[in-house]
Amino acid sequence: MELSHVNQKGEANMVDISEKKTVHREALASGSIFLRPQTLELLKSNQLKKGDVLSVARIAAISGAKKTFELIPLCHNIPINKVDVSFQVAKNRVDIRARAVCDAKTGIEMEALTAVSIAALTIYDMCKAVDKQMVISDIKLVEKKKDES
């Protein structure tokens, strides 16, 4: 199997996308953060000292997606059309979903994955004073699409 981010000498290498066409692309990523039930109650009732956890996590996720190329060395800087972040509070966790959209020569999946990761880390940061047992889990790419029509 040939790796796209490695040159002939086996060195890390940024992929040249100059010859690729600009197409509409979308990616959906998901993940979860497991918290104690008491922490989830504080989160739902907005009683955590740092403020509205999910609103802050949503803004952090969008900001993180926009900085993906700065965080992951071989990612291209692509124009992002939209990042949509949603949360579902369950019995023992918060499920996170991020959809990222662009019109570019390369994909947007790293931006969606970064958004989920940053949202989970923000929730962790805002809840760590009351919950030392949180676990971030199952961050994954759910779907990616490109429309070449």
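1. In this predicted model, strands β2 and β3 make up a hairpin in which three residues lie between the two strands. The pairing of β2 (residues 80-89) with β3 (residues 93-104) is antiparallel and runs over nine bridges, and within the hairpin Q88 of the one strand stands opposite D95 in β3.

2. Strand β3 is also tied to β4 through side chains, since R99 and E143 meet in a salt bridge with an N to O distance of 3.3 Å. This pair links distant parts of the chain, with E143 in strand β4 and R99 in strand β3, 44 residues apart. Both partners count as partly exposed, E143 at 30% relative accessibility and R99 at 26%. Salt bridges that share partners bring E26 together with R99 and E143 in one network.

3. The structure holds nine salt bridges, and a second one that links distant parts of the chain deserves a comment. K50 forms a salt bridge with D125, with the closest N and O atoms 3.3 Å apart; K50 lies in the loop between α1 and α2 (53-66), whereas D125 belongs to helix α4, 75 residues apart. Neither partner is buried, because the cut-off for that class is under 20% relative accessible area, while K50 has 47% and D125 has 32%.

4. A salt bridge within a single helix is found in α1 (residues 37-44), where E41 and K44 are three residues apart and therefore separated by about one helical turn. The closest N and O atoms of E41 and K44 are 3.1 Å apart. An α-helix has 3.6 residues a turn, so residues three or four places apart point the same way. E41 itself is partly exposed, with a relative accessible area of 46%.

5. Helix α4 (residues 109-127) has 19 residues and reaches 27 Å from its first C-alpha to its last, which is close to the 27 Å expected at 1.5 Å a residue. Its buried residues include E111, L113, V116, I123 and M126, and also A112, A115, A119 and A120. D125 of this helix, by contrast, counts as partly exposed at 32% relative accessibility.

6. The largest pocket has a volume of about 410 Å³, and of the 21 residues that line this pocket, T106, G107, I108, E109 and M110 are the closest to its centre. Helix α4 supplies at least two residues of the lining, as do β1 (23-34) and β4 (135-147) each. By class, the lining consists of eight nonpolar, five polar and eight charged residues.

Notes: Residues numbered from 1 in each chain as written. Predicted model: local features only at pLDDT ≥ 70, side-chain atom pairs only at ≥ 80, totals over all residues. Heavy atoms only, no water. Helix = DSSP H or I, 4+ residues; strand = E, 2+ residues; numbered from the N terminus. Expected span 1.5 Å × (residues − 1). Buried < 20%, exposed > 50% of the residue type's maximum accessible area, 1.4 Å probe, protein only. 1 Å grid on protein atoms, 1.4 Å probe; cavity = no way out; pocket = protein on both sides within 12 Å on 5 of 7 lines; lining within 4 Å. Points joined across faces, edges and corners; volume = space filled by probe spheres on them. Nonpolar A, V, L, I, M, F, W, Y, C, P; charged D, E, K, R; others polar. Pairing = 2+ DSSP bridges. Salt bridge = Lys/Arg side-chain N within 4 Å of Asp/Glu carboxyl O.
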